[in-house]
Amino acid sequence: MKKNGRRYRELKKLREESSFSTIKNISQEVSGINIAYLSMSHIVPFNPILYDSFDTRKEYLRRLTGYVKAGGWKRRKYESAELLSYEQIIMGSDEIKEEHGIGFYKYFILLDLIHVLGYDTKEIDEEKIYLLKKKYCLDFSGEKAGVVDMIFKSVCGSDRRLRKLQENRDFLKEAEYIRCIRQNLIFKKKEPFGILVTATMSAGKSTFINAITGKYICLSQNMVCTSKIHCIVNKAFEDGYSYEYDHDLVMKAGREELLNDNEENSSDKIVVSTSFKGYLNQERIIVNDSPGVNYSGDREHKAITERLIKGRNYNLLIYVMNATTLGTDDEAQHLDFVKQTIGRTPVLFVVNKIDWFNLEEESIEDTIKRQREYLREHGFRNPLICPVSSKAGYLAKQFGTRQLSKSEERELYNYVDKFEQMNLTEYYKNAFGKIAIEDSDQEEIQLLKTSGIAFVEKIIISLTTGGKVNGTGVRQI
Ligand SMILES: Nc1nc2c(ncn2[C@@H]2O[C@H](COP(=O)(O)OP(=O)(O)OP(=O)(O)O)[C@@H](O)[C@H]2O)c(=O)[nH]1
Ligand SMILES: [Mg+2]
């Protein structure tokens with residue numbers, strides 16, 4: 001068969017359509033920074049220096065900064081942002097628990113140095129290491145230069161070597177610190193799984209992302225549109241901090257920074273790193289929130305999102321639909337665009353705001369059936385459909401994390417009652433046989449299951465491993 005013949009092209013297209021592929025390596029380069037570094041958590045919150053005297057803390061920072069300078073690394077964006085956050089975190093605690101003196105921290109400081117350098121120490125030339133050793137041995141008189149080599153080689157060698165260091169009796173007080181470093185390195189090495197979330201305006205993309213991450217990181221509100229691509233990176237473990245790269249790189253971002261765009265950022269991206277709460281916690285996931293495509297106030301929104309979809313730098317596309325406005329013209333147009341552009345990448349359809357549903361007037365099964373037909377008409381042959389309430393899922397995750405306001409509490413318990421009646425669980429059991437979620441006696445936690453959010457998280461996990469059925473490992477009946 002001729003490779004450029006019509007029959008060949010048709011067969012190729014058919015093959016592409018019938019075998020989805022989630023296993024594709026995505027690029028992690030964003031505006032000159034490799035965001036893999038942002039998938040590692042801070043280790044410094046677990047360093048006892050936080051509770052030593054202020055003089056010792058200051059000395060610790062002075063020496064650490066000196067080592068970073070010795071190698072000329074302070075000029076780099078990542079390292080200088082790290083150093084600044086070290087200063088803020090170390091000096092930020094008012095508590096003094098134990099006063100050891102600086103000698104106690106002689107290994108902690110080397111481990112911190114390697115962390116600040118992003119564990120990228122293999123390429124460092126001999127001369128820089130020599131300068132560093134000289135400075136270190138002067139600072140900690142009596143320490144041998146060999147210890148610097150040993151720690152560098154252990155952290156930047158294999159995991160087996162690092163584990164040995166963790167078990168070394170000379171490093172007993174650093175053992176927990178080394179465990180955090182191991183977690184970071186193992187997590188960073190995992191192949192990332194990219195997700196792109198798209199929808200028409202106000203369907204609830206940002207709220208959905210806040211629900212699966214369990215954090216309020218995407219601005220979600222009526223009328224104010226997400227105008228940039230928010231790229232949200234899961235971090236290795238919870239360290240109590242978020243990072244943000246929005247022109248400046250901030251490794252200790254407060255609510256202000258997270259929710260306000262930096263005017264100096266001329267790119268269309270903002271990167272935020274945080275540890276996801278929920279089933280996705282251990283997944284090396286990067287989620288992209290995109291602007292709604294039909295915002296008439298700014299046509300650039302549509303262009304940004306369409307470029308992103310065309311760019312195919314993701315393994316899964318999550319298409320959020322607003323259950324209260326299904327089947328609009330804008331929806332049809334965007335669906336057609338996605339269908340024409342998506343190729344072999346799987347799509348998950350999230351039907352959001354299902355809490356609006358009036359159980360006395362409609363049945364969930366009928367609505368989903370109609371929705372499936374509608375999607376088939378638009379060329380999606382076997383669509384994976386997940387009804388959810390992102391709002392309920394988000395509130396369920398916030399419960400126990402912070403004090404909810406009175407109105408949030410009322411909303412939460414309304415959802416608890418409503419979703420107990422709705423029985424979405426039955427739908428998921430029938431539609432995705434493989435996905436099982438444990439029940440909880442606590443009604444607020446059970447809401448994560450009954451609102452559909454926990455199911456979506458589990459379905460995403462099964463998609464990360466690929467699979468044969470629908471190319472997803474997920475069974476859709
Ligand atoms: N009742 C209910 N409201 C929701 C739900 N999800 C989102 N909303 C509300 O819908 C409105 C829009 O939500 P966003 O998450 O900002 O929607 P979006 O798709 O990100 O919007 P744009 O970025 O502007 O396109 C907000 O007022 C949310 O509180 C849900 O599951 N249930
Ligand atoms: Mg939004």
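Okay, let's start with H247, which is partly exposed, with a relative accessible area of 31%. Keep in mind as we go that this is a predicted model. If you want to find H247, look in the loop between β5, residues 243-246, and β6, residues 248-250. What caught my eye there is the backbone: phi of H247 is near 75°, so a positive value, and this residue is not a glycine. For background, most residues other than glycine have a negative phi.

There's another one like that. Y119 isn't a glycine either, and its phi is positive, at about 60°. You'll find Y119 in the loop that runs between α4, residues 106-116, and α5, residues 126-139. So is Y119 buried or exposed? Buried: its relative accessible area is 7%. H247, remember, is partly exposed at 31%.

Right, on to the cysteines. How many disulfides does the structure hold? The count is 0. Just as a reminder, a disulfide is a covalent bond between the sulfur atoms of two cysteines. Take C156: why no bond there? The closest cysteine sulfur to its own is the one in C180, and that sits 16 Å away, which is too far for a bond. The cut-off for calling a disulfide is a sulfur pair within 2.5 Å.

And are these cysteines buried or exposed? C156 counts as buried, because its relative accessibility is 11%, and the cut-off for buried is under 20%. C231 is buried as well, with a relative accessible area of 2%.

That's my tour, happy to pull any of these up on screen.

Technical notes: Residues are numbered from 1 along each chain as its sequence is written. Chains are lettered from A and ligands numbered from 1 in the order in which they are written. This is a predicted model: local features need pLDDT of at least 70, side-chain atom pairs count only at pLDDT 80 or more; totals for chains, interfaces and linings use all residues. Side-chain values use heavy atoms; hydrogens and water are left out. Buried means under 20% relative accessible area, exposed over 50%, partly exposed in between (1.4 Å probe, protein chains only). Helices (H or I, at least four residues) and strands (E, at least two) are DSSP runs, numbered from the N terminus.
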